[in-house]
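Open the model in a viewer and keep the selection panel at hand. The stops below go from the interior to the surface.

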Amino acid sequence: MEMMEPAMLVILAIVAFSAGFIDAVAGGGGMLTVPALLSLGLPPHIALGTNKLAATFASSTAAVTYYRKRLFNPQFWGHAFVATLIGATTGTLVVDAISTEWLEKALPLIIIATAIYTIFHKAPDTNKNVLPEPSKKLTKIQCLQGFTLGFYDGVAGPGTGAFWTVSSMAIYRLNILLASGLSKAMNFTSNFTSLVTFAVLGHINWVLGLTMGVCLMIGAYVGAHSAIKFGAKFIRPVFITVVTVLAVKLAYEAWFV
């Protein structure tokens, strides 16, 4: 790849920081970084692989931040972690063998439904960080949720973090902070899995991905701390805005382009 102009590097850094911030708060940072990479003239598979490298930095930073603030318990979500890993691996391996046209057209409707649910859903008290009681039923739900969302992230990807957040609030009655912590940890799992696959296939621009990754990490650090500090009153409007914009963008691309 040719040397980029300094102005382009600055713009790319700002986009990466913004994406990291958004991703740490609500998910959906990829809707900024992927178009930015494509605008540089990268082939789509290289853009996606490079984005996975950068996104892994952001999701790991956000996940560690939520963990340190005791908003994510790895032991409790062990089954979801394993299922997500398996789902993401499976999705990445079969992505070339299936048609994703139906998924691209249905995805905007799913995301719009996510936004509507969040608007009218009565969220649990933000100050009560209570996990559900362990049970066999809970284990099965974790496995199903983890595999499904991991598989989706391996096949497509946009909105995975948002799906984790809203589904966890609905299924486990978690407040939005706990749901966000779980979302970032599981999104890191599926991101890293896809990253390994793209690396094996040679579909990554390492210099560009690592450069963007640093900016994403900084944005994710600021975003995660802002979300934790200001709580649901800050997260909910950002979350709803992100999923709505994401839905409109995907609908336009799938139905009109």
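Which residues have the most contacts inside the largest nonpolar core? Select Tyr66, Trp77, Leu174, Leu182 and Met186: these have the most contacts inside that core, which has 46 residues. Note before going on that this is a predicted model.

**The elements around the core**

Colour by secondary structure. The protein has ten helices and zero strands, so by the run criteria used here every numbered element is a helix. Now select the elements that each give two or more residues to the core: α1 (6-25), α2 (30-39), α3 (44-68), α6 (136-155), α7 (160-172), α8 (176-201) and α9 (206-230). Of these, α9 gives the most, with eight residues. As background, nonpolar side chains in soluble globular proteins tend to be buried together.

**Trp77**

Select Trp77 and show what surrounds it. Setting aside residues up to four places away in sequence, Trp77 touches Phe72, Leu131, Gln142, Tyr172, Leu174, Leu182 and Met186. Three of these names, Leu174, Leu182 and Met186, also appear with Trp77 among the residues with the most contacts inside the core.

**Thr193**

Move to helix α8 and select Thr193. Is Thr193 buried or exposed? Its relative accessibility is 9%, and because the cut-off for buried is under 20%, Thr193 counts as buried. Show polar contacts next: the side chain of Thr193 reaches the backbone oxygen of Thr189 at 2.8 Å. Then show the residues around Thr193; apart from neighbours within four places in sequence, Thr193 is in contact with Leu85, Ala88 and Thr89.

**The nonpolar patch**

Switch to a surface view and select Phe17, Val214, Ile218, Tyr221 and Val222. Together they form a nonpolar patch on the surface with about 430 Å² of accessible area. Four residues of the patch come from α9, which gives the most to it. The helix α9 thus has a part in both places, giving the most to the core and the most to the patch.

Within the patch, pick Val222, which is in helix α9. Val222 has 33% relative accessibility and therefore counts as partly exposed, since that value lies between the 20% and 50% cut-offs.

**The whole protein**

Finish with everything selected. Of the 257 residues, 50% count as buried. The accessible surface comes to about 12,500 Å², and 70% of it belongs to carbon and sulfur atoms. Among contacts with a separation of 6 or more, 83% are between residues 24 or more positions apart.

Technical notes
Residues are numbered from 1 along each chain as its sequence is written. This is a predicted model: local features need pLDDT of at least 70, side-chain atom pairs count only at pLDDT 80 or more; totals for chains, interfaces and linings use all residues. Side-chain values use heavy atoms; hydrogens and water are left out. A nonpolar core is a set of buried Ala, Val, Leu, Ile, Met, Phe, Trp, Tyr and Cys residues joined through side-chain atoms within 4.5 Å. Buried means under 20% relative accessible area, exposed over 50%, partly exposed in between (1.4 Å probe, protein chains only). Contact means heavy atoms within 4.5 Å. Accessible areas come from the Shrake-Rupley method with a 1.4 Å probe; for residues, only the protein chains shown count as cover. A polar contact is a pair of N or O atoms within 3.5 Å; within protein, one must be able to donate a hydrogen and the other to accept it, and residues adjacent in sequence count only if both atoms are side-chain atoms. Patches are made of residues with over 30% relative accessible area and no salt bridge: like charges are joined within 9 Å, nonpolar side chains (Val, Leu, Ile, Met, Phe, Trp, Tyr) within 5 Å. A salt bridge is a side-chain nitrogen of Lys or Arg within 4 Å of a carboxyl oxygen of Asp or Glu.
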